[in-house]
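Trainee: I've got a predicted model open and want to check the labels people put on it. Can we go through them one by one?

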Amino acid sequence: MMPLTTAVAKTLNSAAILDVCSHCWKFRAQTWCRWRLQGKRYYSFLPDDVKSVRSVVNPDISKIRNIGIMAHIDAGKTTTTERMLYYSGYTRSLGDVDDGDTVTDFMVQERERGITIQSAAVTFDWKDHRINLIDTPGHVDFTLEVERALRVLDGAVAVFDASAGVEAQTLTVWRQADKHHVPRICFLNKMDKPGASLRDSVESIKKKLKANPVIVQMPIGRGKGFTGLVDLITSQRMTWHQSDGDGRVFETKPLDSSDDPEFLRNARDARSNLIEQVADLDDEFAELLLGEFGDNFDAVPPGKLQQAIRRVTLSQKGVPVLCGSALKNKGVQPLLDGVTAYLPAPSERHHDMLRWYNDDLCALAFKVVHNKQRGPLVFVRIYSGTMKTQSAVYNINRNNTERMSRLLVPFADQHVEIPSLMAGNIALAVGLKQTVTGDTIVASKASASAAAHRALGDDKQPADSDEKPRRLILAGVEVPDPVFFCTIEPPTMSKQTDLEHALTCLQREDPSLKVKTDPDSGQTILCGMGELHIEIIHDRIRREYGINTYLGPLQVAYRETVLQPASSTDTLDRTLGDRRHVVTVSLEVSPQEDAVSHVAFGEGVGDQLATEIKDAVQNGIHSAYLQGPLLGFPVQGVSTAVQAVSVQSGTSMAMVSACVSRCMLKAMKQAGGQVLEPLMSLEIAMVESHLSAVLGDLAQRRGSVRDIQSRLDSKVVLASVPLAETMGYSTVLRTLTSGSATFSLQLDSYAAMSTEQQRTLINKMAGLL
């Protein structure tokens with residue numbers, strides 16, 4: 001057998017090879033060589049150097065990890081994901097967000113803007129573990145992508161910019177993870193930046209996230225001098241040398257007396273603090289310390305300490321903190337080890353309703369994408385049982401059966417077909433044309449009925465019953481209310497049908513996008529999560545569906561309320577055909593502090609009314625709440641008390657509802673209308689020299705500054721500003737700060753407009769301005 005260096009030399013032009021090194025090593029069963037060519041270092045892999053998704057290990061459920069990468073904008077989520085794929089052997093080269101060649105940012109819009117817009121799933125293996133990873137967006141306009149990813153994940157990696165600590169969107173995604181009780185670990189990225197600080201980042205995690213950070217690594221060097229890290233569990237230092245290039249190879253050695261004395265002392269103090277902190281959080285570890293290692297806590301075995309940290313993480317009493325620099329290829333392999341060591345397997349996450357399905361299939365559809373060749377692709381998380389191709393499945397939410405033609409393992413926009421997949425995994429199903437985000441999928445209707453029998457403890461319930469206890473359905477995804485509105489029109493009426501089809505497909509993919517038709521003008525209205533969200537939708541319609549649509553002015557979702565109590569009585573007397581409908585209603589509306597609108601029946605009124613009349617009255621009131629008296633926006637903060645209802649025999653319930661709505665509108669006009677405008681919580685980070693210009697612009701936008709904070713060399717302005725004043729703000733801010741500032745917007749609350757502003761708005765809506 002010829003030597004490997006000779007084999008490599010024969011594959012190249014031998015005249016061009018100046019020096020072939022004999023230094024070869026094996027990495028994850030892939031042997032590769034390093035040689036120098038014309039004074040530069042090159043890397044060459046053998047032909048089967050890149051793994052296929054088909055080779056992903058299919059281990060026991062205890063070795064599966066379903067994780068998400070979540071963070072603020074530009075914290076390094078996609079770069080970290082790219083390094084994970086490279087070091088696990090699934091990509092040939094290191095992609096770069098700025099170059100637009102990363103695996104998970106595959107949309108044209110993502111590569112043009114350098115941001116993540118859609119969450120992307122990839123599957124790979126690391127040290128006998130199967131990792132299903134979802135890279136999520138960091139922009140607030142696409143927060144639904146994070147929400148539905150966290151709904152189906154078992155663990156998460158929160159990535160932080162070590163020079164900034166906790167930022168605005170970090171808070172949002174952290175709260176989302178809290179809501180779904182997702183255990184997580186923290187990765188302090190960008191430790192090579194000049195202002196990076198482990199201490200400051202950890203303090204911000206404690207203060208802003210109210211979390212309990214457990215430091216398991218400490219950096220070696222600061223800023224450009226960052227060369228590696230110390231594993232406090234094993235007391236080993238890991239060093240990446242500049243000559244190693246892509247970061248695959250790093251040096252690991254135990255801390256010893258040859259190290260700098262101060263550095264050694266800091267590392268030992270940090271390990272002692274770690275042991276004490278874990279002992280405070282985990283009783284089992286505390287008993288072990290006091291029992292076997294009472295004389296010397298430092299003698300505790302690394303394995304025992306790691307097990308204790310895992311228990312702390314799974315119980316969400318603490319979050320392990322790791323550090324590194326993904327862009328500089330440092331610290332990502334230990335992060336992958338942390339994912340497998342600390343985050344839970346699917347079997348360690350408790351879902352109470354699964355016990356009723358036994359080993360039958362139960363899965364949740366959490367995302368839909370449209371593929372031009374394959375049609376709708378439905379992302380599903382399998383909670384129990386096995387999903388197989390060419391099998392019929394039953395959708396409990398839609399009460400229908402569909403046939404799944406193919407099953408795919410996701411790898412960003414490239415997918416690999418497989419015959420079946422077991423519980424604990426994430427897959428793509430082809431052929432489910434009616435399924436949408438949040439639907440529960442089971443093996444059959446009989447399986448759903450059997451689960452219902454077990455849940456209700458009633459074996460006599462008929463198998464074909466339509467009874468579907470809510471607890472048999474997996475909790476879906478909460479979709480936030482839209483805050484931006486605009487009109488959209490096709491270039492010609494012949495394209496109207498194509499536009500409707502495109503919007504239907506996009507709505508199915510993105511539940512946060514709402515489409516409605518204005519009843520007065522007949523225009524199609526897009527409702528989205530922000531300016532960028534609408535812009536991306538518009539661009540996708542143009543690129544993917546070939547329709548050059550026109551967007552009208554973005555409209556703001558105002559609300560209305562009343563200023564004072566008012567009573568009204570109305571009578572409807574109408575004859576339709578041979579039936580006479582007579583209804584008389586008396587009611588009172590009044591303002592209330594809370595944003596929710598309430599309905600109450602006066603003393604004795606509710607008891608005297610038949611159930612169907614009572615329902616018709618409530619329907620009429622809620623219909624009136626949908627359209628306020630001033631501008632027709634939804635009404636909030638109004639309490640309605642029904643004082644009397646008189647209905648003549650033979651009157652239809654539709655007439656009752658119509659009379660109540662008319663009476664409500666009359667009462668709200670008498671009570672005096674007030675327009676409420678949405679206030680956005682705005683956070684702007686900039687250098688201090690731009691502070692005065694930014695504050696002056698905020699004052700012109702009717703913004704109110706809540707706080708100005710210092711963050712290393714930057715100033716952070718926390719303010720509230722009306723949504724109507726934020727149109728095009730990103731462009732203005734870039735101009736004011738020479739492109740150096742970043743900002744994030746989030747809906748905060750609704751506030752009453754001033755009399756002058758309200759009058760201006762009413763005139764504008766009436767076309768008088």
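Trainee: Why are H9 and H10 called roughly perpendicular to each other?

Mentor: Remember that this model is predicted. Helix H9 (residues 302-314) and helix H10 (residues 332-342) pack at about 70°. Angles of 65 to 115 degrees count as roughly perpendicular, so H9 and H10 get that label. Their axes are 9 Å apart.

Trainee: What makes the two helices a contacting pair, residue by residue?

Mentor: Contact means heavy atoms within 4.5 Å. On the H9 side you have Gln 306, Ile 309, Arg 310, Thr 313 and Leu 314, and they meet Thr 340, Ala 341 and Tyr 342 of H10. By class, that contact has four nonpolar, three polar and one charged residues.

Trainee: And why are H17 and H18 described as roughly antiparallel to each other?

Mentor: Same kind of reasoning. The axes of helix H17 (residues 691-700) and helix H18 (residues 729-736) cross at roughly 150° and come within 10 Å. Anything over 145 degrees counts as roughly antiparallel, so the pair qualifies. The crossing is right-handed.

Trainee: Which residues of H17 and H18 meet there?

Mentor: H17 brings Ala 693, Val 694, Asp 697 and Leu 698, while H18 brings Tyr 729, Val 732, Leu 733 and Leu 736. That contact splits into seven nonpolar, no polar and one charged.

Trainee: Moving on to empty space, what makes something a cavity here, and how many cavities of 30 Å³ or more are there?

Mentor: A 1.4 Å probe has to fit but be unable to get out. Searching the whole structure turns up four of 30 Å³ or more. The largest cavity holds about 180 Å³. It is lined by 17 residues, and Gln 118, Phe 142, Glu 145, Asp 510 and His 533 are the closest to its centre. Helix H4 (143-152), helix H12 (496-509) and helix H13 (531-545) each give two or more residues to that lining, which divides into seven nonpolar, four polar and six charged.

Trainee: How much space lies in the second largest pocket, and what lines it?

Mentor: About 940 Å³. A pocket is an open set of points, unlike a cavity. Its lining has 34 residues, with Phe 485, Lys 516, Gly 632, Phe 633 and Pro 634 closest to the centre. Among the strands supplying at least two residues each are S25 (484-489) and S27 (524-528), but S26 has the largest share, four residues.

Trainee: How does the lining of that second largest pocket divide by class?

Mentor: It has 19 nonpolar, nine polar and six charged residues.

Note on methods. Residues numbered from 1 in each chain as written. Predicted model: local features only at pLDDT ≥ 70, side-chain atom pairs only at ≥ 80, totals over all residues. Heavy atoms only, no water. 1 Å grid on protein atoms, 1.4 Å probe; cavity = no way out; pocket = protein on both sides within 12 Å on 5 of 7 lines; lining within 4 Å. Points joined across faces, edges and corners; volume = space filled by probe spheres on them. Nonpolar A, V, L, I, M, F, W, Y, C, P; charged D, E, K, R; others polar. Axes fitted to C-alpha atoms, helices over the stretch in contact; angles between N-to-C directions. Parallel < 35°, antiparallel > 145°, perpendicular 65-115°, else oblique. Left-handed = near helix turned anticlockwise from the far one by under 90°.
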